[in-house]
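Notebook open, two things to look up today: the cysteines, then a pair of packed helices.

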Amino acid sequence: MKQLSRRAFVQASGIAGAAALLTLAGCNAESAPTSGGQKAAQLEQPTQPEQPAVEAAAPTATYDSTFPAHAPLGQARGIMPGRVVWAHDPASVLWDGSGEWWRPENYDEAVVRRMVDAAVASVAGASSPLEGWRALFASVGDGAGYAPGRKVAIKCNLNGAAEYDDDTTGTPTGDLYTNPVLLKCLIASLVEAGVAPGDITAYDTTRIFPDYLKELCAQGPCAGVHFADRNEGNPGRVQADVQAPIVWSGPVNGETCYLPTCVTGADYLINFADLKGHDYGITLCAKNHFGSFCNSSKMRQPQQAGLHPFLSGQRMGDYSPLVDLMGSAHLGGKTILCILGALVAPARNTSAVTPEISQWTMEPFSGGFTASVFMSQDPVAIDSVGADFLMNEPAMTGNNAALEGNAGCENYLHEAALAAAPPSGAAYGDGSGGILGSLGVHEHWDNAVDKRYSRNRGSAEGIELVRV
């Protein structure tokens, strides 16, 4: 395949995208599935229900994104290709802004559980969460689906949680990390669908799970869930698999990094990231895997690996190590589901979570908390949607200088969507000798009011944002 120059690539993409935006149609509407409250010893492939028709509708606003418009790039992935499900319910967040954001009483667990179950069903095009989990597990590996003894790894984002001890009271700084109630509901949904708690390991190689979070998420039917972190007092702490070094496709000159045994020994992986602003602009599902490798550093593995220069000041057409992580046979190759937790979504990653940096102005939030969860099987599509939300929200860009006008932060999405022939010219591999093809589909919504992508407008390609 002949590669376009960067200028030609941008020009062609912009022209195609502008043409596509002139033919806006309608968007899908789906009702939230109900919870299937029965257990199954083994999960099986469901029959797919008929999907709703697309209705034509006129847009209410013109293109207004921070990012340049372009046609969909890459190839959509997933049972429902390119689908990103958005569960939003203001009743899920009870926090009035006083005290610590992380306290479980600040969230309505029953509402959060309904959001999780509805999203799991919809992302698989299923009629219930049980059917959804069956489909998701059968979509990777040998296709046989989950059976007792098969291991499920959940990559949490604890960057902001405990750093030096077990932190029994949460986090002294008040920084955001994996929402404890949302994690509990995810684990409970898996267990109710028939997954043995002992087969589930939540992990992060860079931080420590707070004691209260572990106790909350391993109650009742979920007792036996494992938590792997860097706490040397934890018998199940993360261990490097020295037979599984990460192979970078670009000039990464830091220390050799190794995948942890909880990942190499897993059959399935759930990438559970957070929607929030970051010092480098955005930190979504791809960067969540900065906590998926080990080296000699106990807490600063990405710095020890020499990765941060590839994120700071990222320019379009640069090599991105995030693509290597997304495409890893043990990481992306085992992923059944990507999640962006967004019950509370702050503008910064190194500041205490407060209402001032966490209440959004765009519709439907209207000055409230985001109270949302996003799910997808397409790792590029979900980060594309996350980027659109972050970069087009005034409360985010106005409280984080690294977000405002930082169009280059989408570079890794272009690289991942076009991984077989990326703008950088890098030869991306899966770390096991395979060459990567497209890792998913990338585009931007039409505007911050309608939030429509190509499939919402009736196209057979691109992203579909479905609200439940």
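I looked up Cys-185 first: it is buried, at a relative accessible area of 2% (buried is under 20%, exposed over 50%, partly exposed in between, with a 1.4 Å probe and protein chains only). This is a predicted model, where local features need pLDDT of at least 70, side-chain atom pairs count only at pLDDT 80 or more, and totals for chains, interfaces and linings use all residues. I number residues from 1 along each chain as its sequence is written, and side-chain values use heavy atoms, with hydrogens and water left out.

Why no bond for Cys-185? Its closest cysteine sulfur, in Cys-217, is 8.8 Å away, which is too far; a disulfide needs a pair of cysteine sulfur atoms within 2.5 Å.

Next I checked Cys-285, which is also buried, with a relative accessible area of 2%. Its sulfur lies 4.7 Å from the closest cysteine sulfur, the one in Cys-338, so that is too far for a bond. I noted a disulfide count of 0 by this rule.

Then I turned to the helices (DSSP runs of H or I, at least four residues, numbered from the N terminus). The axes of H2 (residues 109-123) and H3 (residues 129-138) come within 7 Å and cross at roughly 50°. That makes H2 oblique to H3 (under 35 degrees is roughly parallel, over 145 roughly antiparallel, 65 to 115 roughly perpendicular, the rest oblique).

Which residues of H2 and H3 meet? I found Asp-117, Val-120, Ala-121 and Val-123 in H2 against Pro-129, Gly-132, Trp-133 and Leu-136 in H3, contact being heavy atoms within 4.5 Å.

Methods. Axes are lines fitted to C-alpha atoms, for helices over the stretch in contact, and angles run from 0 to 180 degrees between N-to-C directions. Helices (H or I, at least four residues) and strands (E, at least two) are DSSP runs, numbered from the N terminus.
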